[in-house]
Amino acid sequence: MKTKPTQGHVKKDSLPSPTANLASAIRGIWKLKSRVDVDDTGKVQIDPFLGRDPLGILCFGESHFAARFMKCDRSEQGNVLERAQARNNTVGVNGCDAYFGPYCVDEIAGTLTTRIQGSISSANIGATYVRDARVLDNELIIQLHTTAVDGTAITRTNTFSRTG
């Protein structure tokens, strides 16, 4: 999980066992290290909205979180696609996605549940999302099932490095 495939097909990895004391382990500031979308055949899908190597940061306090993702190259507005509402995912605006709200964890299931109170897109407000989450050493791995732009089912694995 520490290397990011850039093209072709990859084997879908399952997450390790749930993290002991996930609620405590998740607190802090996390920088996006990699974001990999894989379809059921193992083919890597590149999200045109955020691109191959988006920037991202997550901040978790005791009860609230904030998330921010951005396409690296936003120099040409024509290159920034708008994403429609994907299954089990937020909507961004102009190559950016940002949202915040309360969160809770299920220690046994190893899941993170977020409720969106504020967002760059009004379409996200009030939504609740459940994600698989694990902390391994100084990495946070969040995995979800969503859809690509064309509707293809994908598994997204976001890996973050602790920065604070």
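**Close-up views of a predicted model**

**View 1. A polar contact of Asp-97.** In this predicted model, the side chains of Asp-97 and Thr-90 make a polar contact at 2.4 Å. Asp-97 belongs to strand E5. Its relative accessible area is 3%. Asp-97 therefore counts as buried, the cut-off being under 20%.

**View 2. The largest nonpolar core.** This core holds 23 residues. Leu-58, Phe-60, Leu-140 and Phe-160 have the most contacts inside it. Seven stretches can be traced here, each giving two or more residues: helix H1 (22-25), strand E1 (28-39), strand E3 (55-60), strand E4 (64-70), strand E5 (96-106), strand E8 (128-136) and strand E9 (139-147).

**View 3. The surroundings of Phe-60.** Phe-60 is among the residues with the most contacts inside the largest nonpolar core. Neighbours within four places in sequence are left aside here. Phe-60 is then in contact with Ile-26, Arg-27, Gly-28 and Trp-30. Phe-65, Tyr-103, Leu-112 and Leu-140 also contact Phe-60.

**View 4. Phe-65 and its partners.** Phe-65 sits in strand E4. Its relative accessibility is 5%, so Phe-65 counts as buried. With neighbours within four places in sequence left aside, Phe-65 contacts Cys-59 and Phe-60. Phe-65 also contacts Tyr-99, Phe-100, Gly-101, Pro-102 and Tyr-103. Thr-114, Arg-115 and Ile-116 are further contacts of Phe-65.

**View 5. Phe-65 and Tyr-103.** These two residues are 38 residues apart in sequence. Their C-alpha atoms are 6.6 Å apart in space. Phe-65 is in contact with Tyr-103. Phe-60 contacts both Phe-65 and Tyr-103.

Definitions and conventions: Residues numbered from 1 in each chain as written. Predicted model: local features only at pLDDT ≥ 70, side-chain atom pairs only at ≥ 80, totals over all residues. Heavy atoms only, no water. Core = buried A, V, L, I, M, F, W, Y, C linked by side-chain atoms within 4.5 Å. Buried < 20%, exposed > 50% of the residue type's maximum accessible area, 1.4 Å probe, protein only. Helix = DSSP H or I, 4+ residues; strand = E, 2+ residues; numbered from the N terminus. Contact = heavy atoms within 4.5 Å. Polar contact = N/O pair within 3.5 Å; in protein donor to acceptor, adjacent residues only side chain to side chain.
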